[in-house]
Amino acid sequence: MSEHEDPKPSPPNSGDGWRVLSYLIGGVLLYGGIGFGLDRLLGTQFLLPVGIVLGAGLTVLLLHFRYGSRS
Amino acid sequence: MIAGVPTEFHPPGPESFELPPIISGVEWFTKPVLVSMLSVVVIVWFFWGASRKAAIVPSKLQFAGELGYNFVRNSIARDAIGSAEHMKYVPYLCGLFFFILLNNVAASVPLVQFPTFSHIGWAYAAAIMSWVIYNVVGIRKHGAWGYFKHQTMPAGVPVWLMPLMIPIEFISNILVRPVSLSLRLFANMFAGHILLLVFVLGGEYLIFEAGSIPLAGVGVVTILMGFAIAGLELFVQCIQAYIFVVLTAQYIGSAIAEDH
C-alpha cells in the first residue's frame, strides 16, 4: 500500500482466503509429487502420503509466517 | 424408476454442453461464441451510452455506468493494487469483470441460458491473459531475476526453512494460480448449469413421462427446487466474476509491490 491519502481505509483483503487456497494446493502438489516420484524410484509405498502431509504442514507453516504476523 | 415405464431417463452430462454449430458448416460459430459476442455488444453499448452524454447531473444510464465502473476501480483495483498505481489496470479489470459477469449471467437469461465459461477453453484464455499481465508487469518493475526472487522468497520465513518454502512459493505463485483461477470459474459455471439441467429435466420427466401421479407431484417440487437453484446460481455467477477479478488485481498488486 502507498502513503497517498486514501479516502477510506481499505478493508481487509477479501481475496486472501482464495490466495491461501493456491498455496495449499501448491504445497500438497509439490511434496506429494516428490513423494510419488520417490515411491516410483525406490519401489516403496509410504512416501506419497508422507509427502502430502509434509507438504500440507509446510504450507500451513508458510502461511503462518506470511499472513500470521500481520496485525 | 418404476418398472414398465416406456422411456428411460437420461441424466444430463458433459455431452449436454456439446452444442452443434449455429450455422451448419461454420464449425467455430457455436453458442458460447455467439453469447460472448453479444455480451461484448451489450457492454460497449452500455458504457458508451453511459459516458456519451456525461453530465454533472447524471442520467440514469450514466449513473448505472459510473456505479459499475466505480465499484471495480475503488473496491477491486484500488484496494488490491494501491492508490498510486491502480489506474493503469482499471481498464483491463473493468473490462474483464463485466465480460465475465455478463457471460456468467447469460446462464440465467431466458432464451440464452448458457454460461460461456462452462467451456473450459474460455476460462483458460481469461486466466492466461491475467497470468501474462501480472508476470509482465512484475518483470517490468523488478527485472526478470528480481521478479523471480520477489515471487519465490516468502517474507518473514526463517532462513533454515527457505529451501523447503521456495519451491512451494514458486509452484503456488507461478503454476497453481492460473490453473486455480480458470478451474474455479469453469467448474462453478459447469456445475451450476448441470445442476439446473438435472432439476429441470428431471422434473419434466417426472411430471410428463414417469406416468404416475405421486411422481408427478415430486416432479412439481423438483421444478420448484430448480427455480431456487436458479436464484442461487445468479448469486454464484456474480461472485465468480468478482473473485476472478479480485484475484487478478491482487496478483498484479503483489507482483508490483515493493519487497516487504
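Trainee: What share of the contacts in chain B with a separation of 6 or more comes from residues 24 or more positions apart?

Mentor: The share is 63%, a contact being a pair of residues whose C-beta atoms, placed from the backbone, lie within 7 Å. This is a predicted model, in which local features need pLDDT of at least 70 and side-chain atom pairs count only at pLDDT 80 or more, while totals for chains, interfaces and linings use all residues. Residues are numbered from 1 along each chain as its sequence is written, and chains are lettered from A and ligands numbered from 1 in the order in which they are written.

Trainee: What is the corresponding share in chain A?

Mentor: In chain A, 47% of the contacts between residues at least 6 apart in sequence join residues at least 24 apart.

Trainee: How many helices and strands does chain B have?

Mentor: Chain B has 7 helices and 0 strands, these being DSSP runs numbered from the N terminus (helices: H or I, at least four residues; strands: E, at least two). Chain A has 2 helices and 0 strands.

Trainee: What makes B:Ala123 a buried residue?

Mentor: A residue is buried if 20 or more other C-beta atoms, placed from the backbone, lie within 10 Å of its own, exposed if 12 or fewer do, and partly exposed in between. B:Ala123 has 26 such neighbours within 10 Å and is therefore buried. B:Ala123 lies in helix α4 of chain B. Leaving aside residues up to four places away in sequence, B:Ala123 touches B:Phe117, B:Ser182, B:Leu185 and B:Phe186. B:Leu181 is 58 residues from B:Ala123 in sequence, yet their C-alpha atoms are 8.1 Å apart.

Trainee: How do you know what span to expect of helix α3 (residues 90-105) of chain B?

Mentor: The expected span is 1.5 Å times one less than the number of residues. For the 16 residues of α3 in chain B this gives 22 Å, and the end C-alpha atoms are 22 Å apart, so the two agree. Buried residues of α3(B) include B:Leu93, B:Phe97 and B:Asn104. Their cover includes α1 (31-52), α2 (60-81), α4 (120-142), α6 (162-208) and α7 (213-256) of chain B.

Trainee: What radius of gyration does chain B have, set against a compact globule of 260 residues?

Mentor: The globule rule is 2.2 Å times the number of residues to the power 0.38, and the radius is taken over C-alpha atoms. The rule gives a value near 18 Å for 260 residues, but chain B has 23 Å. Its C-alpha trace spans about 70 × 60 × 40 Å along the principal axes of chain B.

Definitions and conventions:
Contact = placed C-beta atoms within 7 Å.
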